[in-house]
Amino acid sequence: MANKLYFYFIRFKKSSLPEILNRTREFLFLKTLKIAPVFFLRNLKAPEVTPEALKQIKLPPIFGEIDDKTINSILAGHCFCLNHDHSPIKSFEKKWKKTFFTEISIKSDVPDIRAVWEPARLQHLLIVLHKISEAWDNVELKDFVRSNILEWIKHNKFLHGPHYISVMECGHRIPVFLFALRVLDNLKENERRLILQTVFEHAWI
């Protein structure tokens with residue numbers, strides 16, 4: 001505790017006035033966001049967008065061959081987590097999923113936070129979406145992506161849990177959501193709105 005206080009004392013002593021003011025504003029913003037998020041999020045509502053308009057979204061093309069072995073592995077539950085064991089990652093997510101993102105403790109005895117973030121980038125779903133774009137009639141793949149995206153949103157409430165700590169990580173998910181909105185023709189209207197709302201929330205961060 002003494003070392004931590006000393007660190008903050010030195011940091012404060014060496015900080016310029018503009019930096020102190022900026023950090024104070026940031027601190028007050030985050031505290032207010034936690035206590036009364038309605039002040040910031042009341043106008044954060046995605047507009048109504050028709051399925052036809054969503055199909056006009058211009059996204060960068062994805063190149064590369066994807067073999068059936070990779071797809072089958074993903075369908076069987078494989079996702080990318082930097083070669084770490086997935087079990088402690090899931091435990092970490094479960095422990096902190098209801099905690100406001102600024103109050104999550106990242107210590108040396110927990111999984112590498114980069115390994116926690118990696119599967120939540122949903123890149124494995126992007127691979128399947130690319131496969132769908134080559135085989136439009138594959139209902140199994142469409143159902144897999146749809147259920148996994150909706151499940152992720154359900155279990156990762158906005159601004160809570162470890163996956164909202166990093167702005168960059170939120171940015172990695174946005175293209176996946178947009179590809180899903182464009183490619184999946186098995187989404188119900190409320191599901192489409194939910195994914196679109198998630199895009200707006202991620203972009204707001």
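**A tour of salt bridges and cysteines**

A search of the whole structure, which is a predicted model, finds 11 salt bridges. The stops below visit some of them and then turn to the cysteines.

**First stop: Glu118 and Arg121**

Select Glu118, which is found in helix α7, the element spanning residues 113-120. With a relative accessibility of 16%, Glu118 is classed as buried, because the limit for that class is under 20%. Add Arg121 to the selection: its side chain forms a salt bridge with that of Glu118, at 3.5 Å from N to O. Arg121 and Glu118 are both buried. Now include Glu169, since Glu118, Arg121 and Glu169 are joined in a network of salt bridges.

Keep Glu118 displayed and show its surroundings. Leaving aside residues up to four places away in sequence, Glu118 touches Phe80, Cys81 and Leu82.

**Second stop: the cysteines**

From Glu118, move to its contact Cys81. Cys81 has a relative accessible area of 9% and is buried. Which cysteine has the sulfur closest to that of Cys81? Select Cys79: its sulfur lies 5.3 Å from the sulfur of Cys81, too far for a bond. A disulfide would require the two sulfur atoms to be within 2.5 Å, so this pair does not qualify.

Next, centre the view on Cys170, which is in no disulfide. The nearest cysteine sulfur to that of Cys170 belongs to Cys79 and is 18 Å away. Cys170 is buried, its relative accessible area being 0%. Over the structure, the count of disulfides is 0.

**Third stop: Glu191 and Arg146**

Select Glu191 and Arg146, whose side chains meet in a salt bridge with an N to O distance of 2.6 Å. This pair links distant parts of the chain, as Glu191 belongs to helix α11 (residues 189-204) and Arg146 to helix α9 (residues 139-155), 45 residues apart. Glu191 is buried, with a relative accessible area of 9%.

**Fourth stop: Arg193 and Glu189**

Remain on helix α11 and select Arg193 together with Glu189; the two residues lie in this helix, 4 residues apart, or about one turn. Arg193 and Glu189 form a salt bridge, with their closest N and O atoms 3.6 Å apart. Are these residues buried or partly exposed? Arg193 is partly exposed, at a relative accessible area of 40%, and Glu189 is likewise partly exposed, at 35% relative accessibility.

Conventions: Residues numbered from 1 in each chain as written. Predicted model: local features only at pLDDT ≥ 70, side-chain atom pairs only at ≥ 80, totals over all residues. Heavy atoms only, no water. Buried < 20%, exposed > 50% of the residue type's maximum accessible area, 1.4 Å probe, protein only. Contact = heavy atoms within 4.5 Å. Salt bridge = Lys/Arg side-chain N within 4 Å of Asp/Glu carboxyl O.
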